[in-house]
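Dear colleague,

I am passing on the structure we spoke about, and my notes on it follow directly below. Please read them with the sequence open beside you.

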Amino acid sequence: MSSASTSRAMLKTLSVVKKVKMGKRVEKILKDKGGSTSAQDNGDDDPNKTPEPYICTGIFEADFTEFCRRNLLKDNEIPAVVIRPKPPCAQAPPDNKSKDSKDSNASKDPTPDEGVDAANQEEAPPKTYVTKDKYAYFRPVVQVEMENEDKPTTVTEIYIRGWKVDSLMVGIFKQCWPIIEKLSVVNLWNVNLSEDVVKEFASFLPQCQNLKTLVIDGTWCPEEPWSLLIGEDSLLTSLSLRNNGITDKGAVMIGKALSTVKSSNKNLVSLNLSGNKITDVGAVAIANGLRMNRVLLSLSLANNNVSDEGAKKLGEVLSRFPLTHEEVVERRKLLSEKGSPDQGLLKSPPPSRRDRDRPGSVRSSSHMDKTDKKRDKSSKKKDAKKDKDDTTKGKKEDKWKKGLLKASIGGGSRTSLVGAVSQPTANASFVADTMSTKTSKGKKTSSKDKRVPESDSPEILEAINPLLEQVESMDNQLWIPGNRCLINLNLSRNKITDTGMKGLLLAVQYQITLLNLAPSPAMKGILRMSLTGNDVKKTDETYVKLQEVLLARDPYYKPPEKGGGDNQSLAG
């Protein structure tokens, strides 16, 4: 028995040794393939380990959720990305024919179960509104609109409503939004932005190449850094800052962002500042921003505290205004850089230093004898060259002056640009005809000779700065035509009286006179102006006249047809 027990113990120990060896082999194989699973689990649980960089896919929902998780936000703290709710579609009216046919069929073949089914049927949910779960309405969500709901990469608009957007969330947007190729609209309402958050927005919004419309309404910020959103790098074409409590402090910075003497915003087309606390000081600053700005088309200052002083300043900028000393200096710099053909006629070149130091009577006769012979020989060659150069130079100057006169008839940066663009064929044909008539007498001209050099036309297209417009000297000041690019101005619900209305009326009348003298398709002037709700009676003479003038210029106004029905009946 002792020998049997010892043999059994030996077998057990051998089996245990084999199992241990097999376990070691398995571990070795796993290490060779990629390491043990336990080591991987320990590495994943290590909070100090830096995660691998995430590459955005362009799918906003997936990228946004992943970045939120990487910023240690819990799943119940991550705002959901949902499709923006739309009003339910109206139900189509029932077809009377189909209804009659159903009624006839029901009368012919009645079934006993119809009444039971109708009673058991539940009432259909209403289609005039959409309901949500309890408290779901108040949870933070990011609403999106897509071109195609089946393709999540086609997000075009993003809406955020009623929850605070802090620096953490803006950092996530900074990584997600520039990747979305078709993002064109961002609409924020009541999001409680701080100064640092607005600065962060302004830093990365230019990276969104297709983002053109930004709406930030109902959001107060004490520092009022809104002008950063329309800096020189901004690509926004439409900006809405309604009901943000903007005071004159913010309005002054916005006016400087629109334009200064040396810089101007070149993309913003629409600016909405309604429902704020802007007074005459802010209105004057915004009007000064319109002096050198020739891009903005629509401006709204509705429901503010603007009175007569602000209205007068706006009217002055829209009609004509004198240049300040800084603007005159900048104008002279631009003219000197551009180079004028008449500059050489005004001043003779200054004498050289050698001539000033030595008077004419000091020259010796020996020096004159030596140099006279050389001058006689060289003067003949120079005269022949000068004759050729003068003829070619005269032709070029004539072409330049003719093109410049045609472009500057309208007097203005954009008029010269539009005039030059709309008349190149006419100028080319005119020059070609004159050249052909001169050469047709003795020589045959080819089609290549009739072409105008391409280097002549770009010189005319360069004059797009308002400071280079046609000036008029009055009372020892230089006056230029005002801003005629702004076509829509909203000043409703302010404190403007009949005094301010007179200034606006004079501005509109001046624009109409200037447009009749020099028509320009790009600079039509004010076409619509909203003035309701101001401190002026509707029966006031100036107010009534201004409304009549504006009504005739409104492109959407259609005058009623007089006697249309009588004429048709008589004709019939």
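How much area does the protein chain expose, and what percentage of it do carbon and sulfur atoms supply? The protein chain exposes about 38,000 Å², of which carbon and sulfur atoms supply 53% (Shrake-Rupley method with a 1.4 Å probe; for residues, only the protein chains shown count as cover).

This is a predicted model, in which local features need pLDDT of at least 70 and side-chain atom pairs count only at pLDDT 80 or more, while totals for chains, interfaces and linings use all residues. Residues are numbered from 1 along each chain as its sequence is written, and side-chain values use heavy atoms, with hydrogens and water left out.

Of the 572 residues in the protein chain, 32% are buried, meaning under 20% relative accessible area with a 1.4 Å probe, protein chains only. The largest nonpolar core (buried Ala, Val, Leu, Ile, Met, Phe, Trp, Tyr and Cys residues joined through side-chain atoms within 4.5 Å) has 79 residues, and F60, F64 and W177 are among those with the most contacts inside it. Leaving aside neighbours within four places in sequence, F64 is in contact (heavy atoms within 4.5 Å) with residues including I78, V142 and F173. A second, separate core of 7 residues includes M292, V328, L334 and I480.

I480 also appears as the bridge partner of F321 in strand 11. Strand 11 (residues 477–481) pairs with strand 9 (residues 320–322) in the antiparallel sense over 3 bridges, where strands are DSSP runs of E, at least two residues, numbered from the N terminus, and pairing requires at least two DSSP bridges between them.

With regards

Notes
Buried < 20%, exposed > 50% of the residue type's maximum accessible area, 1.4 Å probe, protein only. Helix = DSSP H or I, 4+ residues; strand = E, 2+ residues; numbered from the N terminus.
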